[in-house]
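Colleague: I've got the picture open and a few labels I'd like you to justify. Can we go through them one at a time?

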Amino acid sequence: MPLLELMDVHARYGPIRALHGISLAVDDGEVVAILGANGAGKTTTLRSISSMTRTSGEIRFNDKRIARRSPEYVARLGVAHVPEGRGLFPELSVWENLRMGAVGRRRGGNFQADAKRFIGYFPWMERRREQPAGTLSGGEQQMLALGRALVGRPKLLMLDEPSLGLAPTVVRELFATVRRLNEEEGLTVLVVEQNATIALDVASRAYVLEVGKVAVEGTSDELQRHEGVRKSYLGY
Amino acid sequence: MAIPARPALPQLDVSPHVRALILAAAWTIGTLAVILLIGLVLTQTEDVFTWSGYIQQIVSGLAQGAIFASLALALVLIYRTTDILNFAQGEMAMFTTFIAWSLMNHMPYWPAFVLTLVIAFVGGAAIERVIIRPVEHRPEIVVVIVTIGLLIALNGLAPWIWGPEVKPFETPFSNGTTEIGGVVIAYQDLGVLAVTLATVLLLWAFFRFTTLGLVMRAVANSQDASRLLGVRVGWMLALGWGLAAMLGAIAGMMAAPTQFLDANLMLIILIYSFAAAVLGGIDSPVGAVVGGLILGVLINILGTYVDFIGGELRLPAAFVVLLVVLLIRPQGLFGHRVVRRV
């Protein structure tokens, strides 16, 4: 039984159809990537899972039907969604942003201990805890968004285009951190990326979307060898 | 995997607390300087001018301004969380003051005061849930019309329930005056100042130090991001309306003893409070309080010392000041242009 399962999910923005029946699954402990060009429906897929978009079809998470509920309901079940643009609170401090990560989680737990543990992955945060999040650099903001998601102890982490607007070295660091979190904490990750090279490097499996449909799916190795994927998304 | 150290910006060298302190000190010194300067001008222009009389006007202006500040704070609170200018804020305050009046016929002042705050909180939250929520996602103009409708409804409902005649309203403060260094100050003014400032401080502590306060600030920052973290945004908005209604109730109960209680108690006060909120920068709680106090002092001094303004032209005079400030500083005194880097 997969942790997350989408079955024939359709979504639309007003009259414009964005998803034409997507089916995908993520198992516990996996890193899965969703690849595709602009407008392929990658972001909409994540938004559908988070109930931020009107959908039809079935979405199951941890054995519960979560389609057409509310973003807060899905979040409280243990889905941490770091949206495009990171969704930080620019006027709140780094530390306050982190604290916000823990307000919605269901099991109590010790925020201080969790914060300490996850800040270990981003040592600079300790020194900058009073700084407004809006004044951090793009890479730092993405790390903070990731740290905030982790403090909520999610069962599933969803990242929407984490590499967007970041320098290549920062992107590599970010994905290295995601890989470590997966290996050391057993974190399940669903990541949407345009940068297919780096996403396939970290993910074990991937789905390639084209105009709102799954065009290709397979393990990262298979996709790296797949001729169409190579030509369209990897550039060689 | 350390992030390469980035040279700190010069203005980030001091901690935000130190910067806030410096800012507060600068404001205090600046305000005192302005007060002194206006006083010095008045010694030249007025035939009979006493410094004690001048300071007396400032204190009663502060008391008046504290009432504007409470209501302005209520407006800012709702504006920040929901982007709505609540035109009914004043009438909600008036209505709760009538409820306080009814309660005070049956019990002593302070129990009635507290009970009124509770009723105001519940009522404010209920108004958000029942009246505002259905139109929340409609264009702003629709929401504004709804709040204006609420204004008219409450303005008509109050005399229908409590009768059209003006009512005297009890004050918990004694009627006399005290003298501090030759300045005669009414206990009423001191009491109003104390109550409103205590309220503002409590509210500040709530937002600054409690988790619920943090969540409300986050919702004001971004509703979508809050939802994705599992925050029940709807309830936070209702909570904001409840708190705003409480602030309004305090403003109403503080204004009623000197203004007398009828359905139009808050109409003019609401206009001043809008001006105060805009003067302070519509998104800044500190600005709303400072704006309210400045406006209160200003209209009092203008009304007293500038003959052609007198009692009648205070409101237009206040708006001339507002206009001048906004020409120089369009975001208001404390309104910020958000710092953001991508």
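Colleague: How many residues does each chain bring to the contact?

Modeller: Keep in mind that this is a predicted model. The contact takes 36 residues from chain A and 27 residues from chain B. A pair counts as touching when the C-beta atoms, placed from the backbone, lie within 7 Å.

Colleague: Which elements give two or more residues to the side of chain A that touches chain B?

Modeller: They are α2 (71-77), α3 (94-103), α6 (138-151) and α7 (168-185) of chain A. Of these, α3(A) gives the most, with five residues.

Colleague: What makes up that side of chain A by class?

Modeller: There are 13 nonpolar, 14 polar and nine charged residues on the side of chain A that touches chain B. Gly goes in with the polar ones in this count.

Colleague: On to the sheet. What makes β6 and β10 of chain A edge strands?

Modeller: Start with the order, β6-β7-β8-β3-β9-β10 (chain A), an open sheet of six strands with mixed pairing. β6 (79-82) and β10 (213-219) of chain A each have a single partner strand, so one side of each has no neighbour in the sheet, and that puts them at the edges. From one strand to the next, the twist averages 15 degrees.

Colleague: How do you know that β3 and β9 of chain A pair?

Modeller: Pairing takes at least two DSSP bridges. Strand β3 (residues 31-36) and strand β9 (residues 205-210) of chain A are joined by five, and they run parallel. One of the residues to look at is Ala33(A), whose bridge partner in β9(A) is Ala206(A).

Colleague: Which strands does helix α1 of chain A lie across?

Modeller: Helix α1 (residues 42-49) of chain A lies across β3, β6, β7 (156-160), β8 (188-193) and β9 of chain A, at about 145 degrees to β7(A).

Colleague: Now chain B. Why is chain B called as compact as a globular protein of its length?

Modeller: Set the value against the rule: the globule rule gives 20 Å for 342 residues, and the radius of gyration of chain B is 21 Å, which is close, so the label holds. Chain B has 12 helices and two strands, and its C-alpha atoms fill a box of roughly 70 × 55 × 35 Å along the principal axes.

Colleague: How much of chain B counts as buried?

Modeller: The figure is 41% of the 342 residues, where buried takes 20 or more other C-beta atoms within 10 Å. Also, among contacts in chain B with a separation of 6 or more, 72% link residues 24 or more positions apart.

Definitions and conventions: Residues numbered from 1 in each chain as written. Chains lettered and ligands numbered in written order. Predicted model: local features only at pLDDT ≥ 70, side-chain atom pairs only at ≥ 80, totals over all residues. Contact = placed C-beta atoms within 7 Å. Helix = DSSP H or I, 4+ residues; strand = E, 2+ residues; numbered from the N terminus. Axes fitted to C-alpha atoms, helices over the stretch in contact; angles between N-to-C directions. Rg over C-alpha atoms; globule rule 2.2 N^0.38 Å. Buried ≥ 20, exposed ≤ 12 C-beta atoms within 10 Å, placed from the backbone.
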